[in-house]
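Subject: Structure handover

Dear colleague,

Here is the structure I said I would pass on. Please look it over beside the notes that follow.

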Amino acid sequence: MNQLRNHDVPPQKLFIEGAWQEGSGETLEVLSPIDGQKLTTICRATPADVDRAVASARAAFDDGRWSRMAPAGRKKVLHKLADLIERDALELAVLGVRDNGTEISMAIKAEAGSAAATFRYYAEALDKVYGEIAPTADNVLGLVHRDPVGVVGAIVPWNFPLMIGSWKLAPALAAGNSVVLKPAESASLTLLRIAELASEAGLPDGVFNVVTGQGSVVGEALALSMDVDVMVFTGSGGVGRRLLEYSARSNLKRCYLELGGKSPNIVFADAPDLELAAKTSAMAIFRNAGQVCVAGSRLLVEDSIHDEFVTALAKHSAAMKVGDPLELSSQIGAVNNLTQLEGNLTFVAGALEQGAEIALGGSRILQDTGGWYMEPTIVTGVKPEDAIAQQEVFGPVLAVTRFSSDKEAVALANSTDYGLAAGVWTSNLSRAHKMVRDVRAGIIHVNTYGGSDMTVPLGGVKQSGNGHDKSLHAMDKYYDLKTAWMQL
């Protein structure tokens, strides 16, 4: 791993029509969050480059080289891609950590490992998604076909680029579509490598293209393209709204958006194991420096155990080692970029101004490394209307609020614009079911937090977005339904 840490990363190009191509714009420096030093450069693509990538994807789709390939052929290619990701898993994980700062102990499993598993899941699923025969009169045959939508535009964030990228890329390819993917400026390297591996696996040229650069240029051009049929996105609500506007201004393409959350983790006094709940709650917010869409960033604790639980939580949190994400002993890696780190600290300062208190952390650390690190931070006495309780921080910052009844817990849990994830800790089965029913979120964890696999969907309600990644339900985004009504 130390050898991979120091590997030279050459200047990156765009991946279009199965080959590396120069962009028509300038370059962007890639700074590693580990030490703040230049890692490499990526292309700052222009709208013209996006048009080239989309044209390549459209031609590949229209001539059927992938869209009309037999399912067994598509399955073989996707399984081969999974094999190649597993072969290069450590290389991919280390490259990704150097690029985005996730601790290697998490990246090996959550990035390369997850990506390989995702491609295998959809490789196996693609020939098990059937059309339908409608219940009609004897003299009519009604058939419902599932056709690939065409060209999919995908925009992927920097926190888990391989995992989230695969959640979008694998089902889109499995359904027979072509894809143009735009990675985050600060986490493009592993997805560029995946494009190369996909070509090695036998994916036909033009079916998968990667265009790097600024979201305000590349993302806008992709979303405005008249030849992109569906947009899929994970990121901020502000960008999600712009994508909807671009859809309205272009071809009314469908947009599926996962827009983050402010997820409540609710701990009742009758939790089966308060010590386990405290340890898990610390992991739920502080792993990957809090840069997780479903992170349990709001902790709601029943009055009678509040002080005891916060003490236990602070103990477990303080024991988590923050440091070089390429060290296996590090449990919390780097914040992805300096702007994000400064934003985290601003939220903490604002909470103090609004009357909250810091129970742990609150500061930038390890500045001598040149990297971007923040200690795990627990803020108590947070009121539901405070900014730190309402807005997604996306950092290692936990807002703690008391509650005194089930009704108040539900009201607090539902008091934000978001609805992505939640957690409930209780020994009362009836209470658990009622919380699952009443808390508005796409996924609700009971006596655990995180860890759901590919068998279940992930999506949000309210302003956390629409549509779902993961599971067979994810494939719905990438099909059009076509009815054949036949008189016999």
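Y121 is partly exposed, with 23% relative accessible area. Please bear in mind throughout that this is a predicted model. Y122 is buried, and its relative accessible area is 0%. The two rings have centres 5.0 Å apart and planes at 80°, so Y121 and Y122 make an edge-to-face pair.

Aromatic pairs

The search of the whole structure gave 4 aromatic pairs. Among them is F15 with W20, which is edge-to-face, at 5.0 Å between centres and 80° between planes. F15 has a relative accessibility of 4% and counts as buried. W20 is partly exposed, with a relative accessible area of 31%. As the cut-off for buried is under 20% relative accessible area, F15 at 4% falls under it, while W20 at 31% does not. On that cut-off, Y122 at 0% is also buried, and Y121 at 23% is partly exposed.

A further ring to look at is that of F268: R431 lies over its face, 4.1 Å from the ring centre.

The sheet with β5, β6 and β21

Three strands make an open sheet in the order β5-β6-β21, and the pairing is antiparallel. β5 (132-133) and β21 (479-487) are the edge strands; each has a single partner strand, so one side of each has no neighbour in the sheet.

Which residues help to set the register? Between β6 (residues 140-148) and β21, the antiparallel pairing runs over 9 bridges. Within it, R146 has L481 of β21 as its bridge partner, and V140 stands opposite Q487 in β21. On the other side, β5 and β6 pair in the antiparallel sense over 2 bridges, and I133 has L143 in β6 as its bridge partner. The connection from β5 to β6 is a hairpin of 6 residues.

Positive phi in two loops

Two loop residues other than glycine should be checked by eye in the backbone.

- N288 has phi near 55°, a positive value, and is not a glycine. N288 sits in the loop between α10 (274-286) and β13 (298-302). Its relative accessibility is 1%, and N288 counts as buried.
- S471 has phi near 70°, again positive in a residue other than glycine. S471 lies in the loop between β20 (443-446) and β21, the latter being an edge strand of the sheet described above. S471 is buried, with a relative accessible area of 1%.

Surface

M1, L90, I108 and L328 make a nonpolar surface patch of about 340 Å². One of these residues, L90, is found in helix α4 (residues 89-100). L90 is partly exposed, with a relative accessible area of 38%. Since a patch takes residues with over 30% relative accessible area, L90 at 38% passes that cut-off.

In brief

For a quick look on screen, these are the places to open:

- the edge-to-face pairs F15 with W20 and Y121 with Y122;
- R431 over the face of F268;
- the open sheet in the order β5-β6-β21;
- the positive phi values at N288 and S471;
- the nonpolar patch of M1, L90, I108 and L328.

Regards

Terms used
Residues are numbered from 1 along each chain as its sequence is written. This is a predicted model: local features need pLDDT of at least 70, side-chain atom pairs count only at pLDDT 80 or more; totals for chains, interfaces and linings use all residues. Side-chain values use heavy atoms; hydrogens and water are left out. Two strands pair if DSSP finds at least two bridges between them. Helices (H or I, at least four residues) and strands (E, at least two) are DSSP runs, numbered from the N terminus. Rings of Phe, Tyr and Trp (its six-membered ring) pair if their centres lie within 6.5 Å; planes under 30 degrees apart count as stacked, over 60 as edge-to-face and the rest as tilted. Buried means under 20% relative accessible area, exposed over 50%, partly exposed in between (1.4 Å probe, protein chains only). A charge sits over a ring if NZ of Lys or CZ of Arg is within 6 Å of the ring centre and within 35 degrees of the ring normal. Patches are made of residues with over 30% relative accessible area and no salt bridge: like charges are joined within 9 Å, nonpolar side chains (Val, Leu, Ile, Met, Phe, Trp, Tyr) within 5 Å. Accessible areas come from the Shrake-Rupley method with a 1.4 Å probe; for residues, only the protein chains shown count as cover. A salt bridge is a side-chain nitrogen of Lys or Arg within 4 Å of a carboxyl oxygen of Asp or Glu.
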